Amino acid sequence: MAANEEKQQGHRPGVYKQKNKGHKHGKHRTKGEIERENKGRVSVTALTKKQRKEQKKMDRRHKANQLRRNKKDMVLTEKRRLGSRDGPPHLVAVVSVHAGVDAGAITKLLRGEAAGGVVHQERCVSGVSDSFGLILPRFKQRFTFLNQSTADMHSLLDVAKIADSLVFVLDSTEGWDSYGEYCLSCLFAQGLPSHALVCQGVSDLPVKKRVESRRALSKITEVRFPDARLFPLDSEQDATLLLRHLGSQRQRKLGFRSRRSHLLAQHVTFTPSRPAEGTGGGNTGLGTLCVSGYVRGRPLRVDRLVHISGHGDFQLSQIDAPSDPLPLNLTTARAAKPGKGGDVDMLDGGEDEAPVRVLMKADPTCRESLQAEAEVDPMDGEQTWPTETELLEAEEARKNKRVMKVPKGTSDYQATWIVDEDEDEEENGDLDEESSDDDDDDMMDEAMEGEDEEINSQEAGSCCASDEEEDEEDEEQEEVCSTERAGADQRYDAHMDEAAEEEGLKRYREARSNEMFPDEVDTPLDTAARIRFQRYRGLKSFRSSPWDPMENLPLNYSRIFQFQSFERTRRRILTEAAAEEEGALNGWYVTLHIIDVPFSVMESVQSGKPLVLVSLLPHEQKMSVMHVLVRRHPTNTEPIKSKEELVFHCGFRRFRASPIFSQHTSADKHKMERFLKPDAPTVVSVYAPITFSPAGVLLFKQRNDGIQDLVATGSLLSCDPQRVVLKRIVLSGHPFKINRRSAVVRYMFFNRDDIMWFKPVELRTKWGRRGHIKEALGTHGHMKCVFDNQLRSQDTVLMNLYKRVYPRWTYDPHVPLPLPWVKREYSVEMDDSDME
């Protein structure tokens, strides 16, 4: 028995044994101590969950180093690929931001003669004369240089969207002028790629003044380019340093172009498909446009749509693979023929003699459609023949014809057009329901403008009378001064547009009145308020009161497309585009056959404008309601009214539209803004083709004389047709008699029926009181209102009414070209002096 008792083992507690907390001695246990104390035992709760391997400190450190190394290798591989044999040439655009510098002298120095460069292709960009291809065997890189003028703002923005690097040519003393500042603002708002700053003339200064000049110029450039390096370019050695810097600098990624394949045309031919009647040669009809260039960004698929900036969306028929015109190995490559690099040919025959290999052809069954609007049958859901019940009702209505008094000699047909007062009121109500929101706004604006014009005419008359008296007293002094000021006044008035001045004064008064009395309108005296404001409704709470987004949608909503979840679709499409490996890869020199292209595209190329082409993602050709978050540009001071036509630069697209403005809030309802506010972010809603963010947006306003001014800058927000934008109007009244809890209010309405119609709507005052209408007093618009506290005599009673508004369908993909800088130099100088 004793031996058995010695062999018997003691009881060991299991995992379910209660474990009391130990004494907290104030020391921290390490993970190693915890593991030694547990002795390999795992809790029951941990066993029931998914096993996750916990890494130790050294393992986590090794993993972080490995991820960092992989990202570094990926960035280096991408940077080394650009300009190499496997990638596209390094596209560099030389931009002059000062009128006193010559960008052509910069491009001559950048031919790389000191670095052993070979200019292999003159005029390598189609239509652009001052462009060339450069091969540097010493650096094992190839470049494409393009001298882009700032006079054409559209071409400048298009080239900056696809350029790998921008070289800004600065003045050695001033840096950039006022128009250069304007161009830089547009480029920064759109998205600036990698860039370098260049100045000339520093070596011509005395040695003692060179350091001071560079220090002063660096101080100027710190505002715009805090980390940029300033390169003097006066010799071939300086050009070699700049070329080495351009080839090795870090490339800045732009989201809207890195997710899409894009191309700059280097060779363009046009083949008319069929002659149009009455054109003589058929050059004004449609045809096939063959565009040759290097694919950049993502792989280019033949079944995707392509967008030509400024011209629209088109389909591809096939993609060819001609020989590379800018090979890095010159010994084995075919020498380029003179005049063949960037020539524009009307027909085929301008291609190389080498056989062209067809990469892929489009399948009509898989190719994306150009359908931009939804096809909806307006007769869908309508009955084709009246029912028997409707026929009987029509017969009874004909028998029960009402007798009316008509003038003598009126026929039966003429009598049917005469209506009495009751029918007239009903028809007016129906017409008001069918009228657009703009008609209501125009009626209100005309009434307010009429009062302003009467006041202004009276003030002008009194001012003229007083001016005549003063003129008679000081006639001799004015004769002397008038001869001195006559020349200056005539020169000043020569550039003055009286119609534009009147329009500006009108907008300024409207903006000022809206700022002083936001959304307040006057109740008309000749029209019943229940008819004038029948589209409006009251809300108990703007934040929490419901508003159905599918209620009373306009007819234009049947023409657009919408997603069940736009953000989920955007993530899916961008993920698929990032993993796409089919099609023409990045760096391939290809020829795209674009079908059904108008001849105007060829005319644009022949005029010297660059042709920029981008492949669209799925659904990006379809129309919807796009929302853009913008901020007003500080240089713009003119009032910008809602539903005014603006020019949009959205990603690679350029179009005109009339948007509406609204507040940027996180609620389900958003208040409309009548004017673009200068001190707050604003959401701009417009009918436009779908574009997946991110993408920069620029808003321009075109004047009557052709000048386009930068109004606002921002980025894409979302695509949501169900975003509710509410327009608010405020009816104001004056407390006539004030009691302890009630008051008699007048001047808000002018008849009893209007008071009973708007009785359920809540009232508020400017001093924070809230109340409601209790009853109408008399027949002239006086009403008794009850409030939560006693009113003050200087308080104002307000009633908020709301209605949903929509943008206008004025989408136009064709934007007129802005005037060059030479023609608008005086106007810009005038603006600068006014701002000073």
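This is a short chat about reading cavities, a helix and aromatic contacts in a predicted model.

Me: Let's start with empty space. How many cavities of 30 Å³ or more turn up in the whole structure?

Reply: The general idea first: rolling a probe the size of a water molecule over the atoms shows where empty space is left. Here, the search finds six cavities of 30 Å³ or more. About 90 Å³ of space lies in the largest one, and about 50 Å³ in the second largest.

Me: Which residues lie nearest the centre of the largest cavity?

Reply: That would be R260, L616, E620, F652 and T691, out of a lining of 13 residues. Sorted by class, the lining of this largest cavity has seven nonpolar, three polar and three charged residues.

Me: And what lines the second largest cavity?

Reply: Again you get 13 residues, with Y557, R723, V725, V805 and P807 nearest the centre. The class split for the second largest cavity is eight nonpolar, two polar and three charged. Keep Y557 in mind, as we'll meet it again among the ring pairs.

Me: On to helices. What span should α9 have, and what does the model give?

Reply: Helix α9 covers residues 236-248, and at 1.5 Å a residue its 13 residues should span 18 Å. Its end C-alpha atoms sit 19 Å apart, which agrees.

Me: Which residues of α9 are buried?

Reply: D238, A239, T240, L242, L243, L246 and G247 are.

Me: Now the rings. How many aromatic pairs does the structure hold, and how do I tell one geometry from another?

Reply: There are 20 of them, and you read each from the centre distance and the angle between planes. Take F143 and F145: their ring centres are 5.7 Å apart and the planes meet at 25°, so this pair is stacked. Both F143 and F145 are buried. For Y557 and Y687 the centres are 6.4 Å apart with planes at 85°, so that pair is edge-to-face.

Me: Where in the chain do Y557 and Y687 sit?

Reply: Y557 is in the loop between α17 and α18, while Y687 is in strand β22, so to speak a link between distant parts of the chain, 130 residues apart. With 14% relative accessibility, Y557 counts as buried; Y687 is buried too, at 1%.

Me: Which residues do ring pairs link into a cluster?

Reply: F168, W176, F188 and F225.

Me: Which charged side chains lie over a ring face?

Reply: Two cases to look at: R111 lies over the face of F132, at 4.6 Å from the ring centre, and K622 lies over the face of F561, at 5.0 Å.

How values were computed
Residues numbered from 1 in each chain as written. Predicted model: local features only at pLDDT ≥ 70, side-chain atom pairs only at ≥ 80, totals over all residues. Heavy atoms only, no water. 1 Å grid on protein atoms, 1.4 Å probe; cavity = no way out; pocket = protein on both sides within 12 Å on 5 of 7 lines; lining within 4 Å. Points joined across faces, edges and corners; volume = space filled by probe spheres on them. Nonpolar A, V, L, I, M, F, W, Y, C, P; charged D, E, K, R; others polar. Helix = DSSP H or I, 4+ residues; strand = E, 2+ residues; numbered from the N terminus. Expected span 1.5 Å × (residues − 1). Buried < 20%, exposed > 50% of the residue type's maximum accessible area, 1.4 Å probe, protein only. Phe/Tyr/Trp six-rings, centres within 6.5 Å; stacked < 30°, edge-to-face > 60°. Lys NZ or Arg CZ within 6 Å of the ring centre and 35° of its normal.
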